[in-house]
Amino acid sequence: LNLRLADMRRELQAMEERHARTVEQLHARLRRHGEDPEASGAGVEVEGDDVMTKTWNLEEERNLLKNELEGQQVHWQAQLEAEQRQGAAALAKLREERELAEKDRELRRKVEDNLAETQRTLNTMRRTLAETESQLWATPGG
């Protein structure tokens with residue numbers, strides 16, 4: 001269970017790193033076309049509709065990637081929570097089984113003690129019976 005959680009966390013981190021690289025690549029493309037990605041259009045002169053179209057396409061691609069990343073984050077978070085719930089349920093069941101095992105051990109100990117006591121009583125009764133029989137046979141006329 002812990003391995004699954006660790007794998008999911010590593011995958012989420014790797015996805016976030018891929019997203020950051022993609023965003024940086026998109027920013028680099030914007031810079032190559034003469035735009036400052038941080039300026040959000042202020043003070044940047046754009047020449048022609050082609051650059052505007054490319055810019056709009058890049059922003060749209062960036063938004064799509066961002067949405068995909070958010071969707072993946074939601075997916076992995078939901079999966080992580082499901083695994084955590086499953087782990088908690090398994091832990092609760094393990095505790096319950098441990099308690100049952102302890103009760104079984106206690107019951108077995110009591111039964112063994114009772115059996116030993118019964119065995120001692122039986123042995124005592126057999127000795128008493130043997131002594132009584134031997135006295136009866138040893139008595140004249142008996």
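Okay, one definition before anything else: when I say partly exposed, I mean a relative accessible area between the under 20% that counts as buried and the over 50% that counts as exposed. With that in hand, take His33, which sits at 34% relative accessible area and so falls in the partly exposed class. And keep in mind throughout that this is a predicted model.

Let me stay with His33 for a moment. Where is it? It's in the loop between H1 and H2. Setting aside anything within four places in sequence, His33 is in contact with Val51, Lys54 and Leu58. There's also a C-alpha distance for you: His33 and Met52 are 19 residues apart along the chain, and their C-alpha atoms are separated by 9.6 Å. Right by there, just after H1, Gly34 takes a positive phi of about 85°.

Now back up into H1 itself. This helix has 31 residues, and from first C-alpha to last it reaches 45 Å, close to the 45 Å you'd expect at 1.5 Å a residue. Which residues of H1 are buried? Reading along the helix, they are Leu5, Met8, Leu12, Met15, His19, Val23, Leu26, His27 and Leu30.

That takes us to the core. The largest nonpolar core has 7 residues in all: Leu5, Met8, Leu12, Met15, Leu69, Trp76 and Leu80. Two elements give two or more residues to this core, namely helix H1, running 2-32, and helix H2, running 48-138. Which one gives the most? That's H1, with 4 residues. If you want one side chain to look at on screen, pick Trp76. Leaving out its neighbours within four places in sequence, Trp76 is in contact with Met8, Glu11, Leu12 and Met15.

Okay, charges. Side chains of opposite charge can pair when their charged atoms come close. How many salt bridges does the structure hold? The count is 10, and I'll walk you through a few.

Start with Asp7 and Arg10. The closest N and O atoms of that salt bridge are 2.1 Å apart. Both residues lie in helix H1, 3 residues apart, so about one turn of the helix. Asp7 has a relative accessible area of 42%, so call it partly exposed.

Next, Arg29 and Glu61, whose side chains meet in a salt bridge at 3.5 Å, N to O. Here Arg29 is in helix H1 while Glu61 is in helix H2, so the pair ties together parts that are 32 residues apart in sequence. How accessible are the two ends? Arg29 is partly exposed at 33% relative accessibility, and Glu61 is partly exposed too, with a relative accessible area of 34%.

Last pair: Asp113 and Arg109. Their side chains meet in a salt bridge at 2.8 Å, N to O. Both of these lie in helix H2, 4 residues apart, which is about one turn of the helix. On accessibility, Asp113 is partly exposed with a relative accessible area of 42%, and Arg109 is partly exposed at 39%. There's a third member here as well, since salt bridges that share partners join Glu106, Arg109 and Asp113 into one network.

So, to recap what to click on: the core that has Trp76 in it, the Arg29 and Glu61 salt bridge from H1 to H2, and His33 in the loop between those helices. That's me done, happy to take questions.

Terms used
Residues are numbered from 1 along each chain as its sequence is written. This is a predicted model: local features need pLDDT of at least 70, side-chain atom pairs count only at pLDDT 80 or more; totals for chains, interfaces and linings use all residues. Side-chain values use heavy atoms; hydrogens and water are left out. A nonpolar core is a set of buried Ala, Val, Leu, Ile, Met, Phe, Trp, Tyr and Cys residues joined through side-chain atoms within 4.5 Å. Buried means under 20% relative accessible area, exposed over 50%, partly exposed in between (1.4 Å probe, protein chains only). Contact means heavy atoms within 4.5 Å. The expected span of a helix is 1.5 Å times one less than its number of residues. A salt bridge is a side-chain nitrogen of Lys or Arg within 4 Å of a carboxyl oxygen of Asp or Glu.
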